[in-house]
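Here are a few notes to read with the structure open beside you. Take them one at a time and find each part as you go.

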Amino acid sequence: MQHRDTVHFYLNGKAYSVKPASPTQTLLQYLREDLRLIGTKEGCAEGDCGACTVTEAALQPDGSLAYRAVNACIRFLPMVDGKVLWTVEALGDAAGQLHPVQQAMVDHHGSQCGFCTPGFVMSLYTMYRKGLVRPDREQVLDHLSGNLCRCTGYRPIIDAALDMHAYEPVVPDDDLVHGQLAQLRERCAATLVIVAGGSRYIAPTTTSELAEAVRQDPDAVVLAGGTDVGLWVTKQLKTLPNIISVGAVQALHEITLDDDGLRIGAGVLLEEGYEAVVAEYPEATELWKRFASMPIRNAGTLVGNLANGSPIGDTAPLLIALGAKVVLRKGAQRRSLNLDALYLDYRKQQRDPGEFLEEVWVPRRKPGVKVATYKLSKRFDQDISAVCSAYALTLDNNRVKAISIAHGGMAPTSRRAPRAEQALLGRSWNEGNVRQAMQALEDDYQPMTDMRASSDYRLKAARNLLYRFYLESTGVDGTRV
Amino acid sequence: MQASTYQTVGQPLPHESARLHVAGSALYTDDLPERHGTLHAAFGLSDRAHARVLAIDLEAVRSAPGVVDVICLDNIPGHRYLGPVVADEPVLADEFVHYVGQPLFAVAAATHHMARRAARLAKVQYEDLPITLTAQQGAEQASYVLPPVRISRGDIEAALARGPRRHSAELTCGGQEQFYLEGQVAYALPGENAEMQVYCSTQHPSEMQSMVAHVLGQPAHTIRVECRRMGGGFGGKETQSWQFATVAAVLAQRSGKPVKMRADRDDDFLITGKRHDFRTRYDVAYTDDGLITGIKFEHQLRCGYSADLSGAVADRQVFHTDNTYFLDTFDIRSLRVRTNTQSNTAFRGFGGPQGILAIEYVMDDIAMRLGKDALDVRKINFYGREDRNLTPYGMTVEDNVIHELVDQLETTSDYRARREQIRRFNAGSTILKKGLALVPVKFGISFTATHMNQAGALLHIYTDGSVLINHGGTEMGQGLNTKVAQVVAEELGLDIGRVRVSGTDTSKVSNTSATAASTGTDLNGKAAQDAARKIKAALCRYAADHHGCDESQIVFAGNHVMCGDHPPIPFDIFVQSAYKARVPLWSSGFYRTPKIHYDFKTLTGRPFYYFVYCAACAEVVIDTLTGESRLLRADILYDAGRSLNPAVDLGQIEGGFIQGMGWLTTEELWWNDAGRLMTHAPSTYKIPSISDCPAVLNVAFFDNGNAENNIYQSKAVGEPPLPTAVSVLLAIRDAVAATGQGALPVLNAPATPERILDALASVQAPLPTILPDDDTLAEAPPAEIGYD
């Protein structure tokens, strides 16, 4: 296996080949400290404020071009290997011609203190590059969901986004970007191995190489999007053990749909994974949009969210309710496991040393199944759930033939509600039985109190969400603000 | 609004740095080029809320990679205790720690990351002491940072007993983290002969200068503090930038190297103070029409471990407890409670929003008790135009426009028809309920500390006709520099492009006040105008001499100078000739706010030069199953006088409203039982995000001038918009009330989904009967001390 220790990427039109000082040096540190590109800001160093937003281009498995806004603050420099990047400095110059997104921001008074502004500009620029030059309001809100502004109240920024088409258009240079990505693909053919700063980073290019690396080094951190691992470095100040990245394995970026179900590889981003799940289960659209901000969904992976196994990860409740399975792999060996069997206790999984989550399998929609998933948090966008619930219900003559109820935020892991399910199974789907199941949830869960919500609220809300599901399943609308 | 008769003033010009902002080339303190050898500093923080420090072992810190210096309180060469009013804050902790997050020691290392890592390696032995966390706990223990204050008029007990109706209850409201996007940062550069230059993200460069001088034990003239701009301040950088500035300076002096101290976001949350959260108990008597005949308040403010600005914040809460209402007989008591938490500090509104919330909540209580529309109860209590116009603090309200302003908003927001629509919606909707509230605001403008109402400016005209203005205010995004440039351009008849405002610098304009209390433009705009007018006067004398025309006929306009019958002279040509005639082309300017005075011992006088009036009408929908809420529409009407820059002012109004909404809805500060703040970053502390901006947000300006001679008859716009967001909280309460059978909803703030669900439960229960303990309220001591 050929190795290289140099990260290759394009930044603002120029090719870079860099040996990182440490595998966990962040892209933001590199931009600000090494290159003195100070337009990109640090607001939180945890991917939550968007002041560090940059635009990234990558080739999709089908060869098409994808533009994404990502957070530089929690992106390790080796993770941009093979990518084409832009920072705010690549756009128009203050003294000269501004890019349409910048001019729209100026004309609509979209900046006050200006500190968040480069991040907003880059989210807008990403939309522009994607061809979303005439977005509707919902698209604007979705694409700017990861950018916080404390000054403006956002109205002028929304107006700028809605108006960016009104300016002299910038001719897209997709061919040039394609060429750069093709060039990088050649340069990045050999496996990236970086040994620096006390740890080793390896980015295998095939699944078997990856599996072997994890098997041989079971204590290594398996890195996908880094939206959580990044915080171990920036917030907990940890020195990570060896890192094995799944990002360079092309096969793991694939989503396949067959008669039985949907297979989502470990490298598939949240944004794309949810898009595929939502195509089958449109009821999950709201959860998709509220799962996290656009830049986080552009960086984190769907399988990574499952592998992380946080009790408040929003993917698990939905996929548990849908009856998803995960494929665990160790070396050449694979086994399949129901997703709800993966989680044993807080941050404890039925996963052997050297084993990793290769993919998740989501069954196709069965006729007649009613599905819903709800998320409760203090803020609608980019917040962590107090409670996340999911339901899959099959009725036969208004009797409950099958039901699966799962929650996040209610227990040390995402888990089902067997007593509530039992209270419904085989019975009529009516308010009286649903109320009994609501009561049974108190036997299923003893949630904790923390800064997100009290135990009482969580239980009460979980009960009421089941009631909401009942109402919606019987055709009542007007149940969501 | 009337068309402006001015050329530049009144124009909706973009922010002077807008192009730099969008290009990423606006420089903030952390963006300045670093000098060779720059060290980076970090604090080691207390992880106990209240403890005696028995031993502190810093060996591992000292020997960590890259560490150059480690300091404790003993290493501070000059004053070791500081504070803006009372010197009760140690630069680094002494024998005791008073909150989780208090800086214990500081490290200087080769990189930011190394300093942060090293700072976590200390081994500290603590002896835990009892902790006091909440305002209520502290009030029960009579634990205060400053003595209680009370103002009253009439026989309150008799008025309450007389009724004819009476109601008492309490309200709690959470605090708010400033969450400036740019965290606290200071960069100290040692110079020759003990000089120290400090770049600091601060609203108060002069205070930073003074504190650095004290901590180093040096005269002020050795210290120079500069701030070109901040990435937001909101009050959080009024005093609390001091610890970063002073410790960076000490480390720089010791090492002889430049030292930068930039707080990681979590550290910033843990170290610095926030908006004061509070608990208010009240007892009110009123007529069948809803007219208040007597009202008693006790405000308990959580001040944190030290005084900081809490005295002035608490005073301003008292000064805004009347809001737009005449209170005939009242008794207002204010407790400044000491707790083992961050030292709460300035935050946009500075106690005003807390006072306004308290009385507005009571207005809704009265309306609900009487079954009246809350707007009608508000109107009946408004200050009169000619009578019923004396505030609790003895100032007569002379510029009252609240009647007309609220009438206008009532019409433009279609309040009555929407009230009816909402009633119908609620009747037909089981799960979702809507609510509506229209809340007026009267906000007093001026620092209550009279001496702070002064400003200076320094204006240079160069021989190419370009103009540079420096003033004592700081730019934190509010558009102060844009407005000051407009004033100068207007005075000199120049295009705005010819005028540049330079960063705030204590070596240019000295002894400046904080940029705070919404006064930035009022004070510094006037000082800049004074400087411009002085130069203009000198230039007129010269022109009259030189061109033989009458001084009074000389006009500066359109980048030219018109002297009688002479052809207009281009400004640059004109100033070159003046320069050659040895006319000084620079001047200082000064301004002090007239008319104001205030006795902090009795809390009486005229603390405010004038009032800003505004109002907002908010419509919300809530989910009664989950407690989720959403703002559907807001209409705001604002009295900006003759706005200097409607675009900038609009931004302040909208931004203030949304920020206020965050305070009262999603932004929750949560300490665990050990006193550790668990919401310490944007992952856990939720300021409004873009989808929280309502789809319908109508903002309009009320057509009014300023009755006082404020700069170009404008009015301030920084803080008053924030409390208009009380309308959002009360609209939620209105929606909650729609689910009950007339019971009074208990809705505390912030109205998170959980609190809304609690409020929904409260209307299903019998009427709350929380009566204030009359003994404790009656025993309030007289006012003893105030803010100096």
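1. Which domains does the domain assignment give for chain A? Keep in mind that you are looking at a predicted model. The assignment lists domain 1 (8-186), domain 2 (261-363) and domain 3 (370-473) of chain A.

2. Now go to domain 2 and domain 3 of chain A. Their C-alpha centres are 20 Å apart. The two domains do touch: 23 residues of domain 2 of chain A are in contact with 26 residues of domain 3 of chain A.

3. What does domain 2 of chain A bring to that meeting with domain 3? Helix H10 (285-291), helix H13 (315-322) and strand E15 (343-345) of chain A each give two or more residues to this side. H13(A) has the largest share, with six residues. Sort the residues of this side by class, and you get 14 nonpolar, four polar and five charged.

4. Next, zoom out to the two chains. How many residues does each chain put into the contact? Chain A supplies 66 residues, while chain B supplies 69 residues.

5. Stay on the side of chain A that touches chain B. Four helices of chain A are worth colouring here, each supplying at least two residues: H2 (100-107), H3 (117-130), H5 (155-163) and H17 (455-473). The largest share comes from H17(A), which provides seven residues.

6. One last look at that side of chain A, this time by class. It holds 33 nonpolar residues, along with 18 polar and 15 charged ones.

Note on methods
Residues are numbered from 1 along each chain as its sequence is written. Chains are lettered from A and ligands numbered from 1 in the order in which they are written. This is a predicted model: local features need pLDDT of at least 70, side-chain atom pairs count only at pLDDT 80 or more; totals for chains, interfaces and linings use all residues. Two residues are in contact if their C-beta atoms, placed from the backbone, lie within 7 Å. Ala, Val, Leu, Ile, Met, Phe, Trp, Tyr, Cys and Pro count as nonpolar, Asp, Glu, Lys and Arg as charged, and the others, Gly among them, as polar. Domain bounds come from an automatic or database domain assignment.
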